[in-house]
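Trainee: I would like to learn how the terms for a structure are justified. Please take them one at a time.
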There are 2 protein chains.
Amino acid sequence: MAKERVTVIDIARAAGVSKSTVSLVLQGSSLVNEATRAKVNAAIRELGYVYNRSAANLRQSKSKIIGIVVNDLTNSFFAELAVGVDAVVQSAGFVQFLANTSEKIERQREVIASMREHGVSGLIISPARGTEASDLAPLVESGIPVVLVVRDIAGAGVSSLTSDNHAGAVAAVRHLIERGHRRIAFLGGFADTAVFESRVRGYRDALLEAGLGPQSELVIGSAPSRAGGVTAIEQAMMLKERPTAALCFNDAVAFGVCDGLRARRLEPGADFAVIGFDDVIEAKTAVPALTTVSVDPQGMGERAAELLLKQIKAGRAEPEAIVSSVRLVVRQSCGAAAERRMKEVSS
Amino acid sequence: MAKERVTVIDIARAAGVSKSTVSLVLQGSSLVNEATRAKVNAAIRELGYVYNRSAANLRQSKSKIIGIVVNDLTNSFFAELAVGVDAVVQSAGFVQFLANTSEKIERQREVIASMREHGVSGLIISPARGTEASDLAPLVESGIPVVLVVRDIAGAGVSSLTSDNHAGAVAAVRHLIERGHRRIAFLGGFADTAVFESRVRGYRDALLEAGLGPQSELVIGSAPSRAGGVTAIEQAMMLKERPTAALCFNDAVAFGVCDGLRARRLEPGADFAVIGFDDVIEAKTAVPALTTVSVDPQGMGERAAELLLKQIKAGRAEPEAIVSSVRLVVRQSCGAAAERRMKEVSS
DNA sequence: TGACGGAATTGGAACGTTCCAATTATTAAG
DNA sequence: CTTAATAATTGGAACGTTCCAATTCCGTCA
């Protein structure tokens, strides 16, 4: 029962042609006669041939693999990003090699090395916290196209695709100010990331623009998770002057903030306004539906993949830094929808 | 700047040894002298050599890749499963090839074919809805070790790792009955899956055991998502005789049910008892914390990977069907924790 | 000194594909 | 019927590694 591997040579023999012809058929070449193509395909089915990509890769010294490395797959933002990438990558005839680093630089180094050994033709990386340009240097020198996504790294010399975090935060805070809020917190996230930095900067700028001084005690970091959101809002509610609204680092934190609010018998959307960031799928269906800055992770994954494929096709391309625009999606959790409904009725 | 690929031969030349010796070093063979090993390693670093796995795979006709195909990566249950697999697989020196089928049989066929072409040494599959034994036949005939996870497929002739859905459902429903509930609903999930079938069977058996007749109108299917949970509970509340408690198909549905309850000004845990299934990470931190049947997706991923690695090592092993036990984790959403606290105080 | 044995090293063949240049078959034109 | 042009097919080399059998090295013992 231990079957020998069937190779192009076996197919060739069965179909009465040469291995070169079989190879041509495999590649869908137009050079081969329709009748022989049929014969060959029949033999392939007959013998249960499976293509050996290792051999092909070796010969052509290139593969149809693209690698994607994410820092936290259990965060649904990144899971969605990955499925976005997968969708376009596979429809371009590539296959995706996905690795999760759990924010560990060392693990990231390993998986990138492993991907290079497998001869990926390109890499999409959402770098782990603390990744520096020097960590990526050997990779970019090798000339493999790389697209950094979500988190950019200064001086890395590769393309990047990030969201306009600053503008998103500004829009969210302006909206809260319009709704009459004066004490607005920024909750969650690790302070040492570029994403955090730009979102907080947007938050500060919007506050300043409205003449509301910098309220440093209202910026409260935490793990960027649901649990982190709970602790952040608890901390915020310990202040003598409590906030009445919060912009959260991401949607997971925002959900945690809602949880923490309810634990204190406060209803998010009614008693306290909360705005998230990212617009993960659950944001729409949660109760109250989450007002959030839509980043469209899946769409970002798709665009990153397209950018990468373009670079692969073009050979060596100039690195470009794309910042994709975001928009505020107003739902219930900031209390705005209700007010607007009233306004619509009264006008 | 276009660099030539550096190969073992270049290393050999630089280190003044033969390519065979370099190969030995690469494989960590004990045959090679410590001094030469050092020389070779120095040359490897010096020239920036990167191992070509395609060539190695071709020669040895085996790879260090294991494939994992899941039916829905955006569901955090499966994302966690994947990270569990990744953890053990990578510490065994393998690398993970992850693909998402989005429940599409056709896509599943493609990714499995692609993985075979890449010469994976084993496959962990959480099959798409409607997958039949015949879909997997060519794969299992090829002798590649396969472990089915989460969803078993009758007659496939491969190992499987599932959770004890029946026992979990029985435990959950018994708990609700003990708490005094008499009208208990089963909410969410697609009726044509084996997982649904066994959970509902457990639900029915527990009801029967307590002399509560079959309450067929209380079994309400829906998409196994948060949005699905909202619609299911809405439907349940339209009945003339409303339920007072529900066992949900999974945690996502349970969260949706909580949302739907709140939309009707009912507080989950106080006014209505809800129990989930799976115990995803958010279950613990949600408010109210979700009572749920713990399936430990990450642990399941780890066990599936271990099972697969064992089979790969053993060559051809007898297929085994493992059903991993589950346990009811009582938190707040079923109202039990509060009662118990009262009891503890009074006793 | 020579023979022996274990440790370390080595050249060449092989893995299954693709590419290239060359060959053969077919058709069209004169 | 010959020649040219085009279409279809082909054998062999090459890709970078590992494996095998063979060889060299070196110290030890008689």
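Mentor: Start with residue classes: Ala, Val, Leu, Ile, Met, Phe, Trp, Tyr, Cys and Pro count as nonpolar, Asp, Glu, Lys and Arg as charged, and the others, Gly among them, as polar. By that scheme the surface near DNA strand D has 10 nonpolar, 11 polar and five charged residues. This is a predicted model, in which local features need pLDDT of at least 70 and side-chain atom pairs pLDDT 80 or more, while totals for chains, interfaces and linings use all residues. Residues are numbered from 1 along each chain as its sequence is written, chains are lettered from A and ligands numbered from 1 in the order in which they are written, and side-chain values use heavy atoms, with hydrogens and water left out.

Trainee: What makes a residue "near" DNA strand D, and how many residues surround it?

Mentor: One of its heavy atoms must lie within 4 Å of the strand. For DNA strand D, 26 residues surround it, and the closest include A:Thr21, B:Val8 and B:Arg59. Of the atoms of DNA strand D within 4 Å of the protein, sugar and phosphate account for 62%.

Trainee: Why is the approach of B:Tyr49 to a phosphate oxygen of DNA strand D called a polar contact?

Mentor: A polar contact is a pair of N or O atoms within 3.5 Å; within protein, one must be able to donate a hydrogen and the other to accept it, and residues adjacent in sequence count only if both atoms are side-chain atoms. An N or O atom in the side chain of B:Tyr49 is 2.4 Å from a phosphate oxygen of DNA strand D, so the pair fits the cut-off. For B:Gln27 the distance to a phosphate oxygen of this strand is 3.2 Å. The side chain of A:Arg59 has an N or O atom 3.1 Å from a base nitrogen of DNA strand D.

Trainee: Which contacts are there with DNA strand C?

Mentor: Among them, a polar side-chain atom of A:Tyr51 is 2.8 Å from a phosphate oxygen of DNA strand C, and B:Thr21 has a side-chain N or O atom 2.8 Å from a phosphate oxygen of that strand. A:Ser20 places a polar side-chain atom 3.4 Å from a base nitrogen of DNA strand C.

Trainee: How do you know that chain B and chain A are in contact?

Mentor: Contact means heavy atoms within 4.5 Å. By that rule 42 residues of chain B touch 42 residues of chain A. Buried area is the accessible area (1.4 Å probe) that two parts lose on being put together, summed over both. Between these chains it is about 4,000 Å², with 58% from carbon and sulfur atoms.

Trainee: What makes A:Glu117 and B:Arg53 a salt bridge?

Mentor: A side-chain nitrogen of Lys or Arg must lie within 4 Å of a carboxyl oxygen of Asp or Glu. The closest N and O atoms of A:Glu117 and B:Arg53 are 2.4 Å apart, so the pair qualifies. Across the interface of chain B and chain A the rule finds four salt bridges, and the structure holds 33 over all chains.

Trainee: Why are A:Glu197 and A:Arg201 separated by about one helical turn?

Mentor: Because they are four residues apart in helix 9 (residues 194–209) of chain A. Helices (H or I, at least four residues) and strands (E, at least two) are DSSP runs, numbered from the N terminus. A:Glu197 and A:Arg201 also form a salt bridge, with the closest N and O atoms 3.1 Å apart.
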